[in-house]
Amino acid sequence: MSRIAAVHGVLPPHRYAQDEIADAFAKLCLPAGADRSLLDRFHAGAGVGHRHLSLPLDHYGKIDGFGAANDLFVETALDLGAEAVSGALEAAGIAPDDVDLIMCTSVTGIAAPSLEARLAGRLGLRPDVKRVPVFGLGCVAGAAGIARVHDYLRGWPDHVAVLLSVELCSLTLQRGDTSVANLVAGALFGDGAAAVVACGDGRPERRAGQETGQGAGRETGQGAGRETGQGPHVVATRSRLYPDSGRVMGWEIGDTGFRVVLDASVPDLVRTHLAGDVEGFLAEHGLTSGEVAAWVCHPGGPKVIEAVSEALRLPPGALDVTRRSLAEVGNLSSASVLHVLRDTIALRPPPGSAGLLIAMGPGFCSELVLLRW
């Protein structure tokens, strides 16, 4: 097994209520004088109260094309990424030069050199740190990233690995696009980042601050740090790619940048496939869904959350942390499930209890991560 030593989430400083964002995005997406009742219905039904955005609202209309949007992505992502990784390492009581691998995932911008390469010197990572930039997994990448970090640590049990997710969804909004997919995305997605520090089971557990003397484990900014050894162990993982679903979710990339592909069939796919995958996965480890104490679910949107709850026959309140995250910050794509994981850890599930981390994304696919506190 590997263990999660710390999770740290960060958000941009520009925070707006949902109705403010609706007014601004209506001006960007709809022709002057157009009926905005559909846009307003999507914003009202998204289950989102507030979101944090990369830019002040009045700056989005000034972005001059895909290149300018991507430049803003790189600039903002580096600042948020540095804050997320530094906060997670401090919370774990681990020095930057102890990191052996850093994986970075994003699906809302492009950078070469990749983000983690640009951050390595700024963070104080070693020159021989292993780097794994990941693009294309979308919302599932937070869960898939933890799974692939776990795979690495099984082979290198004395190592430390960091997962960084940065998603700046607002920079992908398509001006003048009245498609349902663009309007739904504009109502649902926010901006944010998160970092996870994980250790192999061959690395001795040390309480945060034991070596560094720092006050790790306190809450800083938007991220709740945790002491080393307080987070769950990763027991096992499972990936699942569903057939004939390649056009359900993703991007069409063109002259204006990332144009969202988001089909209304996502909740139906969840109802069709998820229960069998979850039940089979848990059974392999001698568990049933009733024995899972913590459900760490990506907040895909109200209909997706409801489909997960129905498919798995979850008790009332099982997805409260997920719903609260959606209401407070929106869907942060791959970073969202890591924010939910951070908030779940802060609730201190009972020692020895099981947790299941779930996310879905383009492919269409799902990722399951079995946790043990």
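The following questions and answers introduce the helices and nonpolar cores of a predicted model.

Residues are numbered from 1 along each chain as its sequence is written. In this predicted model, local features need pLDDT of at least 70, side-chain atom pairs count only at pLDDT 80 or more, totals for chains, interfaces and linings use all residues, and side-chain values use heavy atoms, without hydrogens and water.

User: Within what arc do the buried residues of α2 fall?
Analyst: Helix α2 (a DSSP run of H or I, at least four residues) spans residues 37–44, and its buried residues (under 20% relative accessible area, 1.4 Å probe, protein chains only) are Leu39, Phe42 and His43. Seen down the axis of α2, they line one face of the helix, because the directions from the axis to their C-beta atoms fall within an arc of 95 degrees.

User: Which exposed residues does the face of α2 turned away from its buried side carry?
Analyst: The buried residues of α2 are covered by elements including α1, β3 (a strand, a DSSP run of E, at least two residues) and α6. The face turned away carries the exposed residues (over 50%) Arg41 and Ala44.

User: Which helix gives the most to the largest nonpolar core?
Analyst: A nonpolar core is a set of buried Ala, Val, Leu, Ile, Met, Phe, Trp, Tyr and Cys residues joined through side-chain atoms within 4.5 Å. The largest has 98 residues, and Val197 and Trp295 are among those with the most contacts inside it. With 13 residues, the helix that gives the most to this core is α3.

How values were computed. Contact = heavy atoms within 4.5 Å.
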